[in-house]
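What follows is a guided reading of one protein chain, meant to be taken slowly and with the coordinates open alongside. Please keep the sequence and the model in view while reading.

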Amino acid sequence: MTLVNFTPIYCGRSDGETEIRSKKYGKEYNGPSNDQLDKVANPDDYYETLDHDHQITVEWKRQLGVMLQREMRAQTESPWFLMFFPENYRLYKHHKGVRDNTDAYLYGYPQGRKKRFKTAQEFFPHFLWLMEGKSEDYGDCPCRNCAGDWVHKIEPLPGRGGYVPPLKEFAAPSRDSVPLKKEPVQVKRDTPLPQPKVVIQQRAPQQTSTLPRLPSKTPAGTSTSTAANKPPAQPVISPNPLPPVKSREQQLDAEYRRYIYRIGELVWFNRGTAWGLAIIIKRDTIRDSGPQSSGPRARYLVQPLSHPYLHPEPKLMSSNDSLRPWLAWSAPGPTHRALTGKSFATVDWKTVLAGECGPGDAEVDGSIFAAKQLDESFSLLSPLANNTITTGERTYLAMYLGGEKIYVGDPVRLRINQGQDIMVVHQIIEKLKPNSTNINLASVYLIGDIYRFASIPFDPANTTSLINPHLPPRMKTDLEFRNSVTVPPKRVQSFWRIIQSSARLTVSDLKGRWYESSILLPILRTSSVFAADIQRGEITDVGDWINGRGDANAAAGKMGTRFRERLEALGKAVPPTLRLGDGSDNGEGGIEGSTGNGTPNASAAKPSPKPAPAATSSYPETQAIGQQSGQRPKETKLSQYMDLDKSGG
Ligand SMILES: [Zn+2]
């Protein structure tokens, strides 16, 4: 096989926006609308987000590289390849009808989704204007969006935005019609790091907010041309070392494949005929005896959520397959239609139990309302340093964020940028209002390093230089797995590219915990689907398959209500005697003592509850919801549960 050398190109300047302000609708996502992205509602006409290493993305970036090379008359033997689109620009594929449509559109232009670019050729003049960095005046950009149509009545100059021969003219011609993805360009270099050919100065790091920044017309002639005249080296962003581990529980939760779920977290649990909602109260690992015994296996004691007047006993879940993260699915509405729009606190549970709200399942509704209350909540725990006198700040080791528990040192998924980035949390900080000790008035923010998943053609010479010693161990191991999937068949290598170090974000910028694709995907998508993907050299990011905090609750991007502690946020949805953990800081154990002969009985104070009336329950049934597991959570909407209810009788 003939290998293709190429020269990596980076674009350090961008005007791309993920959100814009629209007169009519206020803030608007600068991409396809939610409706257009909804594959379930519109199976014949929808948009798909394309990953960095999707063959169409790679082809666009290759064409842009080659066009830029021609434009700059660069005499290098290897073709240029644009490593990343300018920040906040993103490709979407339009699936329409049954024909194999390969229409893709690049969104991100700061005047909104209607100004998307339809081809790499169409985007090229704007890309060139960004790359050259000579002007901040959009009037100087000759692209269709900036300059208007009249410019484009003129024949393009030779080379500019012109035809780019397909890759196979550079590469081995034997593999006809094999898409680029399967025939990737391979770098062959002696230098360990890609040498950027063209680097244009990065803008000062943007405030990591989602506020739109509309294009500002800078008068021509201002001295903005320094960047192009003497391109300085791209500023080096260095990751910060991981904060030290402070507790055994934190240590356990930092380990790859030890526990998926954490004490105090909200989960879906399989209750036999249906899935319910519960809180993890204890956990440990056991080793199966017998000849086919593998490694230790996690098991969890969970407290099902309910209404205030009846609390089911804790259940012992000894298989990962019988639990799901809260964010894996969206909770349905209440089974009592009359309760729609209410909250756990505003429901009069006695009237519900008396049957005055019509048919329904009070226990199920209690769990749904409790889960939503929890999703909106957050609590800080394990204070570390207290500087309230000097700076008014306190730092914490961990926090409950919605359904989940997050430690300092953990990766979290972010809402900012395109919702694809993650942050490794280094500090959780509470800043009190001056002269106040009221925590509800305090602002809470997190400091950490922001990373983006990036894929490049595999080069063995890069492997060591791409290793980041400051990544959390779970991310490292997961990355090794993902590369072991994609490198051999596709020659595509991925890494976590640092975007910003010591960034400061608020609680509302967080989607939730980051999970290992290598661990959660086989559970969410079933192991057979996962195995088939692996076979093809494909592994998606598990973040694409789960919600963000508040997504299912009309509270996405909201800070929510702070509670002093987790049990306060759970309120009467759990027995008043409930304790999280076994009273030690071990982070595991205590199940044996509370289960007796395998019958969990942590809250013996209550009389035995009636079994959940699963047969008559309109709660999503195991099978129905189980089959949803291969679908993205946004597709598991309330309406579908309603439909299931009708068809399920
Ligand atoms: Zn332009």
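A residue is called buried here when its relative accessible area is under 20%, and partly exposed when the value lies between that limit and 50%. The model is a predicted one, and by this criterion strand β14, which covers residues 393–401, is mostly covered, since eight of its nine residues are buried.

With which strands does β14 pair in the antiparallel sense over four bridges? One is strand β17, residues 422–431, where K431 stands opposite E393; another is strand β15, residues 404–407, where K405 stands opposite Y400. Strand β13, residues 377–387, also runs antiparallel to β14 and is joined to it by seven bridges, with M399 of β14 as the bridge partner of L380. Two of these pairings are hairpins: β13 and β14 have five residues between them, and G392 in that turn has a positive phi of about 75 degrees, while β14 and β15 have two residues between the strands, with G402 taking a positive phi near 60 degrees.

Seen as a whole, the chain has 15 helices and 21 strands, and of its 649 residues 53% are buried. If one takes the contacts between residues at least 6 apart in sequence, 71% of them join residues that are at least 24 apart.

The nonpolar interior can be approached next. In soluble globular proteins, nonpolar side chains tend to be buried together. In this chain the largest nonpolar core has 30 residues, and the members that touch the most other members are W60, L64 and F127. At least two residues of this core come from each of α2 (55–71), β5 (80–82), β7 (104–107) and α3 (120–132), and α3 gives the most, with eight residues. What is F127 in contact with, once its neighbours within four places in sequence are left aside? Its contacts are C11, L64, L68, L82 and P86. Apart from this core lies another one, of 29 residues, which includes L327, A569, L578 and I591.

The cysteine in that contact list, C11, has a relative accessible area of 13%, and it is therefore buried. C146 has a value of 17% and is likewise buried. As for disulfides, the count comes to zero when a pair of cysteine sulfur atoms must lie within 2.5 Å.

Aromatic side chains offer another way through the model, which holds 21 aromatic pairs. A pair of aromatic rings is described by the distance of the centres and the angle of the planes. Why does the pair of W268 and W326 count as stacked? The ring centres of W268 and W326 are 6.0 Å apart and their planes stand at 20 degrees, and stacking requires planes under 30 degrees apart, so the pair meets that description. This pair links distant parts of the chain, because W268 lies in strand β8 (residues 266–270) and W326 in the loop between β12 (323–325) and α7 (349–353), 58 residues apart. W268 is buried at 0% relative accessibility, and W326 is buried with a relative accessible area of 4%.

W268 also pairs with W329, and here the centres are 5.6 Å apart with the planes at 70 degrees, so this pair is edge-to-face. W329 lies in the loop between β12 and α7, 61 residues from W268, and both W268 and W329 are buried.

Elsewhere, ring pairs link Y89, Y109, F117, F123, F124, F127, W129 and Y138 into a cluster, and F127 thus appears in this cluster as well as among the members of the largest core that touch the most others. Charged groups also sit over rings: the charged end of R116 lies over the ring of Y105, 3.6 Å from its centre, and the charged end of R283 lies over the ring of Y259, 4.1 Å from its centre.

A last stop is G557, placed in the loop between α11 (527–535) and β21 (561–562). G557 has a relative accessible area of 37%, so it counts as partly exposed. Leaving aside its neighbours within four places in sequence, G557 is in contact with R415, S508 and R549. From C-alpha to C-alpha, G557 and K511 are 7.8 Å apart in space, although 46 residues separate them in sequence.

Terms used
Residues numbered from 1 in each chain as written. Predicted model: local features only at pLDDT ≥ 70, side-chain atom pairs only at ≥ 80, totals over all residues. Heavy atoms only, no water. Core = buried A, V, L, I, M, F, W, Y, C linked by side-chain atoms within 4.5 Å. Buried < 20%, exposed > 50% of the residue type's maximum accessible area, 1.4 Å probe, protein only. Contact = heavy atoms within 4.5 Å. Phe/Tyr/Trp six-rings, centres within 6.5 Å; stacked < 30°, edge-to-face > 60°. Lys NZ or Arg CZ within 6 Å of the ring centre and 35° of its normal. Pairing = 2+ DSSP bridges.
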